[in-house]
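Please look at the sequence and the model shown here, and follow one sheet and one pocket through the fold.

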Amino acid sequence: MSDKLRKLKDDAAKLVQKGKLEKAIEVYDEILAIDSRDVTAHLKRGDIFRKLGQNPQAIEAYTIVAQTYAADGLLLKAIAACKLILEIDSDHTLTQKMLADLYAKKTGRAVPVAVPTPPTRAPTPVEEITELGDEDVILIEEQPPPPIDLPTIPLFSDLPKNAFIQLMEQMHMRSMLPEEVIIREGDVGDSMFIISSGRVKVTKVAETGNELVLAYLGDGAFFGEMALIGEAPRSASVIADEETVLFEVSRVVLAEVIKNFSSVAHIIARFYRQRLLSNLMATSAVFRPLDPEQRRTLIEKFKSREVAQNEKLLEEGAAGDGLYLLLSGKAEVSKKTNGKRTVVAHLKEGDVFGEHSLLTNEPVNATIRTLRKSIVLKLPKRAFLEVASTHPQLLEHISDLSQEREKTNEAILTGKLHFSDEGLVVV
């Protein structure tokens, strides 16, 4: 960026901060006279015109932004610009059609895209979209196609055109500042989010009480679906790592889309399970003695299954058949003493169980029952013995865990401790 452009942009920003919006427009016009494809300048002009109530001019500016992003293959950003137009004029039919055509699946033939053409400073018009593999490529009239920089958008990639239209019309845009909390661990969630631009970090409070960064997510990624599918509190916090634009999809909207297009549920469920596994490997004490590669190798040996609420996972007195991990959900641990069954613990996501009978070759010493719909991982007994022989540090950790549990259970059953939903209390 030249020194002149940088100074003009700084001047425009200062004028906006002082509320001198008309003067700021004049400076942005100077910027565009130098570089007519400066998307940020067009976007800022649109924002200012919208503040001034000059909606036709705002729509004109946002349209240029949408066209430029579309021509560069930045479809999520083009969609975001289109959504700005529809927030001003929900009946702006040309923009609605542009939204649909931007991400519709094609059958190999060129399909014209209707794009509203502003009267001034419009970039070269978008002429058509053709299919290349699984993604749309924008072709520019009398120019070679630009480099494609499409983000991975798993939620959208398999959507039929009508499903895409339905989702686009009903989701909302949110702009987040750096360090702004989008979702908070433990809260009840009623929406999921798709990143249009920017970056977020996913964090979780570890058993030590420290904050653990699980991942950074960028353009095209989605998050928050775990609370909608698992019907449980948010399992992690998500915080804007920089200025970020999001699409928010409510539970009601998502349910309606899934009702009409079952493929959406399969896409989200697949990523939901992958996210659970990733979080589990990062946070579970079971995997702590292993390095990342060993964790991935071990997790592949586990078998996964969904379990309904109030189903017995293990029954006291039965033969042990494997090591279990609770991937999602909640379970109750109970033991029978003097003809009375006593709850001795609750298991949460990431907890291991079934280890006692594997270590001692004795029958299962407690009954495990789900308290809500859960996903359980099972490492069969033979696989457990193989892992134990190659990873003695893992066996030692599980043995220590089992001994600690036995002490706690004994204290509860003898009346020295009392277990409740709030935790253990000394009697």
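The paragraphs below take up the sheet, then the helix beside it, and then the pocket.

The model is a predicted one, and a convenient place to begin is its open sheet, in which four strands follow one another in the order β4-β11-β6-β9 with antiparallel pairing. In general, the strands of a sheet pair through backbone hydrogen bonds, and this pairing may be either parallel or antiparallel. The edges of the sheet are formed by β4, residues 172-176, and by β9, residues 222-223, each of which pairs on one side only. At the β9 edge, the partner is β6, which spans residues 191-197 and is joined to β9 in the antiparallel sense over two bridges; here Phe-193 stands opposite Phe-223 of β9.

Helix α5, made up of residues 75-88, packs on this sheet and touches β4, β6 and β11, the last of these covering residues 244-250. The direction of α5 makes an angle of about 110 degrees with that of β6.

The same helix and strands return in the lining of the second largest pocket, where α5, β4, β6 and β11 each supply at least two residues, as do α1 (3-17), α3 (39-51) and α4 (55-71). Which of these elements gives the largest share of the lining? It is α3, with seven residues. The pocket holds about 850 Å³ of space and is lined by 28 residues, among which Leu-43, Lys-44, Asp-47, Glu-243 and Val-245 lie nearest its centre. Sorted by class, the lining comprises 15 nonpolar, five polar and eight charged residues.

Key. Residues numbered from 1 in each chain as written. Predicted model: local features only at pLDDT ≥ 70, side-chain atom pairs only at ≥ 80, totals over all residues. Heavy atoms only, no water. Pairing = 2+ DSSP bridges. Contact = heavy atoms within 4.5 Å. Axes fitted to C-alpha atoms, helices over the stretch in contact; angles between N-to-C directions. 1 Å grid on protein atoms, 1.4 Å probe; cavity = no way out; pocket = protein on both sides within 12 Å on 5 of 7 lines; lining within 4 Å. Points joined across faces, edges and corners; volume = space filled by probe spheres on them. Nonpolar A, V, L, I, M, F, W, Y, C, P; charged D, E, K, R; others polar.
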